[in-house]
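User: I would like to understand the reasoning behind the terms used for a structure like this one. Could you take me through it step by step?

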Amino acid sequence: MTATTASIAVDEARQVSVRQARYVAGKVAIYAALVFWAFVSLFPIYWTLSTSFKIAPDVTQGHLWPWIDFKPNWLGLRSLGLSPDTIGNVSTVRNEFLGRFTNSIIASFGASFLAVVIGSLAAYGLSRFQYKFLWMKNKDISFFFLSQLILPPVVLALPFLVLYKELALLDTRIGIVLLYTLSVLPIVIWIMRDQFDTIPIELDEAALVDGLSVWGVFLRIVLPIALPGMVAAFILSLVLCWNEYFFAALLTSTNAKTLPVMVASQTGSQGISWWSMAALSSSAIIPLMIIGVVLERYIIKGLTAGAGK
């Protein structure tokens with residue numbers, strides 16, 4: 001009996017060791033995969049930032065590591081008038097860059113704000129009330145909004161060009177804001193509808209019984225609870241508007257050009273100004289990185305709120 005008991009104990013200890021080894025191996029594999037994916041995701045950003053400090057030979061020869069493969073240079077920032085030795089001088093390129101950067105901020109933030117406001121109202125109506133337009137009910141109306149994303153932008157190019165010409169909205173900031181709002185509105189409606197669906201309708205009913213109006217319920221009860229979803233929708237809209245190039249290049253020429261159009265202009269018959277393009281791209285990446293880090297918890301809460309429904 002003693003030998004049998006000892007054998008059983010040894011077997012159990014061996015099984016525990018095997019389970020622990022498998023657990024550790026699984027953890028190592030998971031972290032290795034995460035590290036690899038982080039490298040794959042972050043390397044383009046690193047390459048862009050480092051390229052803005054390279055000269056032409058360093059770019060063409062694929063040098064990667066500063067102070068090892070190449071000596072950092074202010075060529076990229078100097079081409080924009082933003083290097084330490086040019087920042088105090090008058091620069092038409094810097095003025096152009098700041099103008100394009102300001103246009104991108106106004107267009108992206110303005111369109112995202114309008115889309116969240118209008119989309120939240122539409123989503124709340126689709127979540128709390130029943131509608132019927134011809135044969136379409138709430139689900140059909142929601143799908144109709146999302147179906148607007150099916151059309152490729154090039155199909156809408158000529159109609160918008162003619163419409164904006166007639167309305168005198170070509171090369172205007174308000175024209176870009178309105179167009180970007182229409183572009184991201186379907187996504188905002190779908191995100192916010194899912195957010196409102198996760199909020200019990202009993203809260204609305206209790207607030208109505210207490211004397212609040214429908215608007216009071218929406219503004220004082222529902223919106224504070226749905227704030228993470230609104231922030232997530234705002235950030236997603238901001239990213240899409242910030243990176244939009246096609247309509248910005250089509251409908252603007254001088255006054256309302258955005259940063260992506262300026263980035264694309266670095267490609268010409270003389271070749272690509274990699275250092276200038278990298279400096280411009282870095283200036284476009286950094287604001288979104290800061291916003292993403294600051295509002296990360298809202299983004300995660302907003303995008304996962306309806307996952308367990």
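Analyst: Let us begin with the largest pocket of this predicted model: its lining is made up of 21 residues, and those nearest the centre are Q148, L149, L182, S183 and V184. The volume of this pocket is about 570 Å³.

User: Which elements give two or more residues to the lining of the largest pocket, and which gives the largest share?

Analyst: Two or more residues each come from α5, α6 (153–166), α7, α10 (227–243) and α11 (246–251), and the largest share, eight residues, is given by α7.

User: What makes up the lining of the largest pocket by class?

Analyst: The lining has 18 nonpolar residues, together with two polar and one charged. Leu and Val count as nonpolar, whereas Gln and Ser, not being in the nonpolar or charged lists, count as polar.

User: Why are α5 and α7 called oblique to each other?

Analyst: The axes of α5 (residues 138–147) and α7 (residues 173–197) come within 8 Å and cross at roughly 140°. Roughly antiparallel is kept for angles over 145 degrees and roughly perpendicular for 65 to 115, and a value of roughly 140° falls in neither range, so the two helices are oblique.

User: Is the crossing of α5 and α7 left-handed or right-handed, and which residues make the contact?

Analyst: The crossing is left-handed. On the α5 side the contact is made by S142, F143, F145 and L146, and on the α7 side by P186, I189, W190 and R193. These residues divide into six nonpolar, one polar and one charged.

Terms used: Residues numbered from 1 in each chain as written. Predicted model: local features only at pLDDT ≥ 70, side-chain atom pairs only at ≥ 80, totals over all residues. Heavy atoms only, no water. Axes fitted to C-alpha atoms, helices over the stretch in contact; angles between N-to-C directions. Helix = DSSP H or I, 4+ residues; strand = E, 2+ residues; numbered from the N terminus. Parallel < 35°, antiparallel > 145°, perpendicular 65-115°, else oblique. Left-handed = near helix turned anticlockwise from the far one by under 90°. Contact = heavy atoms within 4.5 Å. 1 Å grid on protein atoms, 1.4 Å probe; cavity = no way out; pocket = protein on both sides within 12 Å on 5 of 7 lines; lining within 4 Å. Points joined across faces, edges and corners; volume = space filled by probe spheres on them.
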